[in-house]
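Reader: Please take a close look at one part of this structure and set it in the context of the chain. State the cut-off for each term as it comes up.

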Amino acid sequence: MTRAILLALAAHWRRSPLQAFTLIAGLALATALWSGVQAINAEARASYDAAAATLGEGTYPQIVPAEGGTLPQTDYVALRRAGWLVSPVVEGRLNGVRLIGIDPLTAPGGIAQVTVEDAEIGDFLGPGLVFGRADALEQLGEVGPRPVVQPDTAPGTVLTDIGVAQRLLGMEGALSRLVVAPDQPLARPGLSDVAPGLALRPPQQGTDLDSLTDSFHLNLTAFGMLSFAVGLFIVHGAIGLAFEQRRPLVRTLRALGAPLSRLVLLMGAELLALALLAGTIGVALGYLVAAALLPDVAATLRGLYGASVSGTLELRPAWWLSGLGIAVGGAAVAGAGALWQVARMPLLAAA
């Protein structure tokens, strides 16, 4: 009985291939635009998190100048002598790349995701190495230190020893901030007693870039949702027409003894299969759309907010699962009314 019902339902799509194409294409295109927007947003936020993790901004407190600018290196020396466990950081831009200098001997564990497994610590501190992604190192160019490709570094960022960074950025004797280790001696003087011009900033639960770019990503999300809603109107029309044209078929199957509950269930399963097929196509198209637009979006974010976003797209479960989910949800919304009409249709209803 189930096989016969499925063959009868499938016969409609063989007789009306244009309806099947309209339904699948409409849902796939709507899903593609939504998935593409979500992929861009996910890649951007992953880049923000990687940039924050590079300096431990969401993990460790930091000491910064109270009035902005840089802090003198003598304050760092005074704090270390007073018992404060802090690590210096120098930050600036060189050739369009974010250059960060750290002290690997005093940096807390987890800050600046750089491993020196491929190099001796003496090379890091002496002649100097710069760690970063291949594209960032290429953009940095020949600046003296030997480049080492480190894929885990934040996009558009290179890391090196603090002395090398000070020399390259022209910041001799100056520091950008101090990272405070989580475990500090109890008997240490207050910060204002040692360095009055500095302020202690707690770990940031969300990065500054997150708050700056929230409206940008919200607009992208709204655009994706609007595009999906427009595509859903096409899908709703295609599903409604298909169900209306199959009313005689439904009446005949019920007259032949097909249970109404099984008929409705199989029609719902048919709709789910079509939604998964269209969703898969839509996610694949969304990946292509996002990959094509991501370099321009990254350039926009860099120009507006100074945010470094990776120019390459990764297949992250968050956005492709949301694409499949919204395709299935959209098909359910578009077909719920038609299924309800079939479930409520009297046996002898006219076609």
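Author: Helices are DSSP runs of H or I with at least four residues, strands are DSSP runs of E with at least two, and both are numbered from the N terminus. By that rule asparagine 41 lies in helix α2, residues 17-55. The model is predicted, so local features need pLDDT of at least 70 and side-chain atom pairs count only at pLDDT 80 or more, while totals for chains, interfaces and linings use all residues. Residues are numbered from 1 along each chain as its sequence is written, and side-chain values use heavy atoms, with hydrogens and water left out.

The chain has eleven helices and ten strands. Of its 351 residues, 46% are buried (under 20% relative accessible area; exposed is over 50%, partly exposed in between; 1.4 Å probe, protein chains only). Among contacts (heavy atoms within 4.5 Å) with a separation of 6 or more, 78% join residues 24 or more positions apart. The accessible surface comes to about 17000 Å² (Shrake-Rupley method, 1.4 Å probe; for residues, only the protein chains shown count as cover). Carbon and sulfur atoms hold 63% of that surface.

The part to look at closely is helix α6, residues 162-169, where six of the eight residues are buried. These are Ile162, Val164, Ala165, Gln166, Leu168 and Leu169. They pack against two kinds of element: the helix α3 (73-81), and the strands β3 (86-94), β4 (97-102), β7 (157-161) and β8 (174-175). At the start of α6, a side-chain oxygen of aspartate 161 comes to within 3.1 Å of the backbone nitrogen of glycine 163. Just past the other end, glycine 170 has a positive phi of about 65°.

Asparagine 41 in α2 is a polar residue under cover: it counts as buried because its relative accessibility is 1%. Beyond its neighbours within four places in sequence, asparagine 41 touches His217, Leu220 and Thr221. With threonine 221 there is a side-chain to side-chain polar contact at 3.1 Å (a pair of N or O atoms within 3.5 Å; within protein, one must be able to donate a hydrogen and the other to accept it, and residues adjacent in sequence count only if both atoms are side-chain atoms).

Leucine 277, in helix α10, counts as partly exposed because its relative accessibility is 44%. Helix α10 spans residues 260-305 and supplies four residues of a nonpolar patch, the largest share.
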